Amino acid sequence: MTSRISPAKRIVVIDDHPIVRRGIVDTLNAEKGLTVCAEASTVSEAIAAVREHRPHVALVDLALGSESGLELIKDLKAMHKHLSILVVSIHDETLYAERVLKAGALGYINKQEALDHIVAAIRRVLSGKVYLSPEMADRLLHQMAAGIKPGDQSPLERLSDRELEVYRMLGQGKGTREIAADLHLSMKTIETYREHIKVKLHLADSNEMICHAARWVAEQT
């Protein structure tokens, strides 16, 4: 009896940095049982690639130029409920890990550690399990055990996904009109988000909010 060889698991890599993407692709293609079937650098490319190639796993960066990887996760899960999603990002895991899990991803890995741990992370999410750093897993378990509620979190954690996205874009130096165009929302809606951000972060005015956001963005890079 001849043994049956299982086909390689297909992976789509979604990242707008070509050098980072190439490093991930080379690492995965060198691994037995895994193959990168497509790459994408924008939301529209990602949706098209997943629709065409039907991958088992999508690796998603949270910042795709001016587009949101977090919103992409929600869209991909709505269209492909069996797709496993792993976030690979440079952003603060303590701020984003729980958000991406709620959006439908199964894991979060920091780009600085990606090449060392990405294969193990992919194999874990392929098995339907969650992948987080040990520190983040302990943090979430502690929050659950302690019964920590949203109001007990740090100010940034109290921001909604959209508010955090607007806050990030403000920190990148973008104005209300540009943010509205990037997010395909009205200027009035962005102004509302700005007001919510100021209240939740206890900031006096728009200038303080922009300076606060700029410092945070600088810390992320």
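This report describes an internal cavity, one helix and several salt bridges in a predicted model.

## The internal cavity

The count of cavities of 30 Å³ or more comes to 1, and the largest cavity holds about 50 Å³ of space. Its lining is made up of Leu62, Ser68, Leu70, His91, Tyr96, Asp161, Leu164, Glu165 and Arg168. By residue type, this lining divides into 4 nonpolar, 2 polar and 3 charged residues.

Helix 7, which covers residues 161-171, gives the largest share of the lining, namely 4 residues. One of the lining residues, Asp161, also takes part in a salt bridge with arginine 99, and that pair is taken up again below.

## Helix 5 and its surroundings

Helix 5 runs over residues 114-126 and has 13 residues. From its first C-alpha to its last, helix 5 reaches 17 Å, which is close to the 18 Å expected at 1.5 Å a residue. After helix 5 comes glycine 128, which has a positive phi near 85 degrees.

The buried residues of helix 5 are Ala114, Ile118, Val119, Ala121, Ile122 and Val125. The elements that cover these buried residues include helix 1 (18-29) and the strands 1 (9-14), 2 (34-40), 3 (57-60), 6 (84-89) and 7 (107-110).

## Salt bridges between parts of the chain

Side chains of opposite charge can pair when their charged atoms come close. The structure holds 14 salt bridges, among them one between glutamate 31 and arginine 123, whose closest N and O atoms are 3.4 Å apart. Because glutamate 31 lies in the loop between helix 1 and strand 2 while arginine 123 belongs to helix 5, the pair ties together parts that are 92 residues apart in sequence. Both partners are partly exposed, glutamate 31 with a relative accessible area of 29% and arginine 123 with a relative accessibility of 37%.

A salt bridge also joins the side chains of aspartate 161 and arginine 99, at 2.9 Å from N to O. This pair links distant parts of the chain, with aspartate 161 in helix 7 and arginine 99 in helix 4 (residues 93-103), 62 residues apart. Aspartate 161 is partly exposed, with a relative accessible area of 22%, whereas arginine 99 counts as buried at 9% relative accessibility.

## A further pair and a network

Lysine 174 forms a salt bridge with aspartate 182, and the closest N and O atoms of this pair are 2.9 Å apart. With a relative accessibility of 16%, lysine 174 counts as buried. Elsewhere, Arg21, Arg22, Asp26 and Glu39 are joined into one network by salt bridges that share partners.

Terms used:
Residues numbered from 1 in each chain as written. Predicted model: local features only at pLDDT ≥ 70, side-chain atom pairs only at ≥ 80, totals over all residues. Heavy atoms only, no water. 1 Å grid on protein atoms, 1.4 Å probe; cavity = no way out; pocket = protein on both sides within 12 Å on 5 of 7 lines; lining within 4 Å. Points joined across faces, edges and corners; volume = space filled by probe spheres on them. Helix = DSSP H or I, 4+ residues; strand = E, 2+ residues; numbered from the N terminus. Nonpolar A, V, L, I, M, F, W, Y, C, P; charged D, E, K, R; others polar. Expected span 1.5 Å × (residues − 1). Buried < 20%, exposed > 50% of the residue type's maximum accessible area, 1.4 Å probe, protein only. Contact = heavy atoms within 4.5 Å. Salt bridge = Lys/Arg side-chain N within 4 Å of Asp/Glu carboxyl O.
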